[in-house]
2 protein chains.
Amino acid sequence: MCTIKLQRQSKTPLKRQIYQTLRDQVLSGRLYAGYALPSTRELAEQISVSRNTVCEAYDMLITEGFALSRQGAPTRVADGLSINRTLPDIPKIPAINEPHYLADFRTGRPDLRHFPKYLWQQTMHKTSEELSLKEYSYSSPQGMDKLRQEISAWLFRSKGLSVDDRDIFITSGATQALHLIVNLLGCHGSKIAVEDPCNKGILQTFLDADCEVEPIPVDEKGMQVEHLSGIHVNAVYITPSHQFPLGGILPACRRAELIRYAEDSGAYLVEDDYDSEFRYIGEPIAPLYAMAPQRVIYVGTFSKVLFPAIRIGYVILPRKLQESWCELRLHTDVQNAPFEQAALAEFLRMRKFDRHIRSMRKLYGERRKMLLNAFGSNFGDTWHAWGDAAGLHLAIEFPGMKFDDAFLKKCMESGVRITSVERHSIQKGRHLDKLLLGYGHLEPGEIQEGISLLHSVVKSK
Amino acid sequence: MCTIKLQRQSKTPLKRQIYQTLRDQVLSGRLYAGYALPSTRELAEQISVSRNTVCEAYDMLITEGFALSRQGAPTRVADGLSINRTLPDIPKIPAINEPHYLADFRTGRPDLRHFPKYLWQQTMHKTSEELSLKEYSYSSPQGMDKLRQEISAWLFRSKGLSVDDRDIFITSGATQALHLIVNLLGCHGSKIAVEDPCNKGILQTFLDADCEVEPIPVDEKGMQVEHLSGIHVNAVYITPSHQFPLGGILPACRRAELIRYAEDSGAYLVEDDYDSEFRYIGEPIAPLYAMAPQRVIYVGTFSKVLFPAIRIGYVILPRKLQESWCELRLHTDVQNAPFEQAALAEFLRMRKFDRHIRSMRKLYGERRKMLLNAFGSNFGDTWHAWGDAAGLHLAIEFPGMKFDDAFLKKCMESGVRITSVERHSIQKGRHLDKLLLGYGHLEPGEIQEGISLLHSVVKSK
């Protein structure tokens, strides 16, 4: 507890030593603006001096404006005193929030401006008050019972999917789900087949676990599963409801072939259903899971539907894997915190979730139309859109064009954040003619201005 | 959205089909007590029948007591109707909360009955209202700025440790910190030296990452670091402030030797400071980190000091590792949720944290004395306690005794949950004479009755 080292033999009085030490710590920024100094009694005990000595030192600090005192509150460090600390050689930490762009078409961002933040806060207040003390301790690596029940009910009412809540396992988002899955399937040095193109963040999750990745090409209907024949893998990662990034829906015959492959080879199918809540025409796509619940690991997430920082996703696991999943989670990060789980369960139970999805589906559907119209009015008929009318992103093909790194750099410099399908491709050179745009988080005006800005960059190419 | 499949050709009227389907779903437990049925308008739209048909079906359900209707609220499923679902072949999921014991000496549990739950809730309410919308999106794999600043300030005022907040990285508890560290140091197939005995949960975390483990023996002063010479490892895992489970404090000469070893070999020292807040006599032990900040990865946690379900820990990282740490976290589970981080920052800022630690330190210190007294009055002088007067657990040696699996099983059967140091040992046979008891979560009466119960089991051995 000795933040102050006194030189008791020194000629400088103790109160001055205390004053100087604290003052220097304020100036160096170590004690920052608003920092509450210990009470005079506490500090006196800590450094074994009389309370009066500390009081005198504090009075000097207050008098000279280094600290502020208010009746009944601790003495706090005053504002604006820190002289910049110079700390050499701190590497730049990659921030997720990057500079502002004039047009920001990055993918995977819901529109938080329409999120009912106040309603969520109220729900969280209410449910956190109801948490029992038991839930402040370690509870379960599987996740909260009532949340799993509500997810089961939601899957049934939204997709007609009948899932026992005991087969559902809560995770810290879909990323953790995939991280755990590859570790569970013993992928160190073993193989996973992935769609090519495939979300490159997810690919990195597999590579970080020392997985060998086997790319399987994708066409407008999703993974070309015939390419799996003759290949041995432990798992197949697939986005059958809405392929990322190309947008195709995997047709029934390919689904059947995939399941036969899995059953014959003993591989698991990892179904990532990252945004099927947002389909703008027709019924939601039935998950692959429904066809083979003991061969498919279904991955769902609330990051896109609610908000990314909620850090809640889930998997539906074949029974064979459940015990080792819990063991693995226990030694990875134990469990989710209870506060968000309880709030989400209540959000589902009260159908605030359903209501939010309905209104966002309408909004995103309109934005998708807006985006397509903007392409039409700027680019004429030189392009066509890939995939199903669903999700928060769109792949646009410009036959004959090449959107290479130089082009993307030029976009950046012009204030347009955009990526290409090529950037998410493993085998390079096959998707250079396709741009990839996230639009869910953009207001109509932002979409129109963004596409017109993009048009001027493409024209000057 | 079709939870109800209608047979339009059937002779059964549609309203009866709707009624029957919902009734069966209630009886099967699929629609559970309190579940809100869709509004009659919604359901009518979904299954394409007139609203009147749905109203009639609902009336039947309400009349027969399957559902309850209240003005202005959704119709909900009534209580107590579910006939047990029989689901064969669901494996037992290991629950963390296990049956109640007459005496429960498990380790690593703080006493939550003394946690200021209401104060925490209030803090969480306040800080979650202040969160900006930006913090509902992806923010940073490093963790919230203000939390890192408060942790830095706390480390300084509690241990005199001067750490730049930019060197602190928030994690989902210490378990995740260790999971990430072994993945970061590329431990797949590579080596980590650990204390033997060592917390067996943590050992499992290393083994799950395919680490090869090199056990280094421990004596009453902690790791016998001379055994490291001639061994090549990527990292050394160590608990120098309070060895788990034996309780020793690593002396300065061993610390220096350890750092020389690390500097010569390029290995990192992973310092797990899991409970040094609770030391009952004298000043807190200075972390190893202070001696070699670019060779030591310091791991801290709030699970023991506040409550386990908070899921917040942190690491202090050498600068060389910081960029790849962020990359790895991004592809493991992205980041912590903001709600607990903001609340904890405020808890620290307002010194509610310091106050809680002070009062718990006093309480735990008394319980430790109580435990030692209870051993004295029950077991005479046949035993002695290992380690420093610190932490929430105690290792007790009974020279000549053998606490093997049969003995521990007998304890279990007598209602005493207890473990042995042997259970946490890698090389078996060296610590059979030592029991390991967690006492922090036990009231004085529970301690006294527990030890007397333990005494009767030992006597009957």
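Student: Which residues in H5(B) meet which residues in H10(B)?

Tutor: In this predicted model, where local features need pLDDT of at least 70, side-chain atom pairs count only at pLDDT 80 or more, and totals for chains, interfaces and linings use all residues, Lys146(B), Leu147(B), Glu150(B), Ile151(B), Trp154(B) and Arg157(B) in H5(B) meet Gln341(B), Leu344(B), Ala345(B), Leu348(B) and Arg349(B) in H10(B), contact meaning heavy atoms within 4.5 Å. Residues are numbered from 1 along each chain, chains are lettered from A, and side-chain values use heavy atoms, with hydrogens and water left out.

Student: What makes Glu446(A) and Arg113(A) a salt bridge?

Tutor: A salt bridge is a side-chain nitrogen of Lys or Arg within 4 Å of a carboxyl oxygen of Asp or Glu; the closest N and O atoms of Glu446(A) and Arg113(A) are 3.1 Å apart, so this pair is a salt bridge. Glu446(A) lies in helix H13 and Arg113(A) in a loop, so the pair ties together parts that are 333 residues apart in sequence.

Student: Why is Asp111(B) called buried or exposed?

Tutor: Buried means under 20% relative accessible area, exposed over 50%, and partly exposed in between, with a 1.4 Å probe and protein chains only; Asp111(B) has 3% relative accessibility, so Asp111(B) counts as buried. Its salt-bridge partner Arg113(B), at 45%, therefore counts as partly exposed.

Student: How many disulfides are there over all chains?

Tutor: A disulfide is a pair of cysteine sulfur atoms within 2.5 Å, and by this rule the count over all chains is zero.

Note on methods
Helices (H or I, at least four residues) and strands (E, at least two) are DSSP runs, numbered from the N terminus.
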